[in-house]
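Biologist: I have a new model open and want to learn how to read it. Where do we begin?

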Amino acid sequence: MNKNIKILSILTLTGTLLFGCTQENEKNNQSKEKEEAQSGMSAKEQKRIVTEYREYAINELDQFVEKTTAFTDAVKAGDVEKAKKLYAPARMHYERSEPIAESFADLDPKIDAREGDVPKEDWTGYHRIEKGLWVDNSADGVKDYADQLKKDVHVLRSKVETVDITADVLVTGAVDLLNEVSTSKITGEEDRYSHTDLYDFVANVDGAKEIFKLFKPTVEKKDEKLAKTIDKRFDNLYGLLEKHKDGDGYVSYTKLKKDEVQELSRAVNELAEPLSQIGIALEG
C-alpha cells in the first residue's frame, strides 16, 4: 500500500473510532443527566445514598447470619426455650434489610414464607420452625428445617454484594416496609404461632427510618416542612411502640388491646403518607 494512502487510512479509522467514542460519551452523559433530572439528585448524592445503604444492609445481614446460626444450633440441640428466645431478635435483622433481602426471589420464600404462602411440601424456614417450637413445643420435627435455614441464610449473605441497588428502589423500599407493617404485622398474621409480631413491626420501622435518614439532607433542601413532618411521625410511632416494651424486647401481640392496635395502625398510616411524598419532593 502507498505510504500516503496507508497514513490516510489510519487517520480515517482513528477519526471514526474517536467519533464513535464521542457519541458513546454523549449518550452516557445524556443518560446520566436524565437520571439526575428524574431523581432530583446528583449522581454523587445518589452514589452516597446507595453506598451507605448497602453498608447498613450488609451489617444487618451479617448479624442475621450470626443470630440465625445461634438459633438453628439451639433447635438442633433440642433446646426449645433457648430457641424461642432467639427467634424474634434474629428475625429483626432480616426485617430491617428487606428491600435487599426480599430481592432474592428464590431465597426469600425459603427463609420467610408463612404457612399457606407456598405449597406445603415446599414450606421451610423461620415460620416452619416457629410452628414446631410453639405449637408442638418440640424441636424434634424441625431439626432438618434448621439445617436448611442455616444454609439458606449463608447463601443469602454470599449474594448480597451482587444486588443492584438504586436510589429509586430505596425510596419505594421505605414505603414498602411500612405497607408490610400494615398488611401483616399489625394484623398479627406474620408470627401467628409465637405472637412476636411487634419485633418485626419495630424492625420494619427501623429499616424505613434508616432509608429516610439517608435522603433527609436532600429532602430538607427541597421541602423542609415535609422532612420535619416525617421526623415527627417517626417519633410518634416509636413513642407508641415504647409503651409495649418488655425488657429488651416487646410484649406478645396477644396482649395488645383493640384500641392499641388501632392506635399503632393509625400512626403507621400517618407516617406512610408523607414518606410516600419523598420521591415527588426530590423531583421538585
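Modeller: With confidence. pLDDT is the predictor's confidence in each residue, from 0 to 100. This is a predicted model. Its mean pLDDT is 88, and 86% of the residues reach 70 or more.

Biologist: Which helix has the lowest mean pLDDT, and which the highest?

Modeller: Helix α1, residues 3-39, has the lowest mean among the elements, at 51. Helix α6, residues 126-134, has the highest, at 98.

Biologist: How should I treat the low end?

Modeller: Where pLDDT is low, the predicted coordinates should not be read in detail. Here, residues 1-8 stay under 50, and the model gives them two contacts beyond four places in sequence. Residues 10-19 are also below 50. That stretch has zero contacts beyond near neighbours in sequence.

Biologist: Next, the core. What is the general idea?

Modeller: In soluble globular proteins, nonpolar side chains tend to be buried together. In this model the largest nonpolar core has 78 residues. Those with the most contacts inside it are F71, I111, F201, F215, L237, L264 and L275. Helix α9, residues 197-222, supplies the largest share of this core, with twelve residues.

Biologist: What does F201 touch, beyond four places in sequence?

Modeller: V181, K185, I186, L237, L241, L264 and V268.

Biologist: Give me a buried residue to inspect elsewhere.

Modeller: Try L156 in helix α7. Its relative accessible area is 1%, so L156 is buried. Beyond four places in sequence, L156 contacts L61, F64, Y94, A101, F104, L107 and I111. Take F104 from that list. L156 and F104 are 52 residues apart along the chain, yet their C-alpha atoms are separated by 7.7 Å.

Biologist: How do I check the geometry of a long helix?

Modeller: Compare its end-to-end span with the expected rise per residue. Helix α2 has 34 residues, so at 1.5 Å a residue it should span 50 Å. Its end C-alpha atoms are 48 Å apart, which agrees. Look just after α2 as well: G78 takes a positive phi of about 75 degrees.

Biologist: Now salt bridges. How many are there?

Modeller: First the idea. Side chains of opposite charge can pair when their charged atoms come close. The cut-off used is 4 Å, from a side-chain nitrogen of Lys or Arg to a carboxyl oxygen of Asp or Glu. The count comes to 25 salt bridges.

Biologist: Show me one inside a helix.

Modeller: E52 and R48 pair at 3.4 Å, N to O. They sit four residues apart in helix α2, residues 43-76, so about one helical turn separates them. E52 is partly exposed, at 34% relative accessibility. R48 is partly exposed too, at 25%.

Biologist: And one between helices?

Modeller: R157 and D62 form a salt bridge at 2.4 Å, N to O. R157 lies in helix α7, residues 143-159, and D62 in helix α2, so the pair ties together parts that are 95 residues apart in sequence. R157 is buried, at 18% relative accessibility. D62 is partly exposed, at 37%.

Biologist: What about one that involves a loop?

Modeller: K131 bridges to E115, with their closest N and O atoms 2.9 Å apart. K131 is in helix α6, while E115 is in the loop between α5 and α6, 16 residues away in sequence. K131 is partly exposed, at 24% relative accessibility. E115 is also partly exposed, at 30%.

Biologist: Which residues are joined into one network by salt bridges that share partners?

Modeller: R91, E95, D112, E180, K185, E190, D191 and D200. Start with D200, in helix α9. Its relative accessibility is 0%, so D200 counts as buried. The side chain of D200 makes a polar contact with the side chain of R91 at 2.8 Å. Beyond four places in sequence, D200 contacts R91, E95, K185, E190 and D191.

Biologist: Is E180 buried or exposed?

Modeller: Buried, with a relative accessible area of 16%. E180 lies in helix α8, residues 167-185. Leaving aside neighbours within four places in sequence, E180 is in contact with E95, E98, E102, K185 and N204.

Definitions and conventions
Residues numbered from 1 in each chain as written. Predicted model: local features only at pLDDT ≥ 70, side-chain atom pairs only at ≥ 80, totals over all residues. Heavy atoms only, no water. Core = buried A, V, L, I, M, F, W, Y, C linked by side-chain atoms within 4.5 Å. Buried < 20%, exposed > 50% of the residue type's maximum accessible area, 1.4 Å probe, protein only. Helix = DSSP H or I, 4+ residues; strand = E, 2+ residues; numbered from the N terminus. Contact = heavy atoms within 4.5 Å. Expected span 1.5 Å × (residues − 1). Polar contact = N/O pair within 3.5 Å; in protein donor to acceptor, adjacent residues only side chain to side chain.
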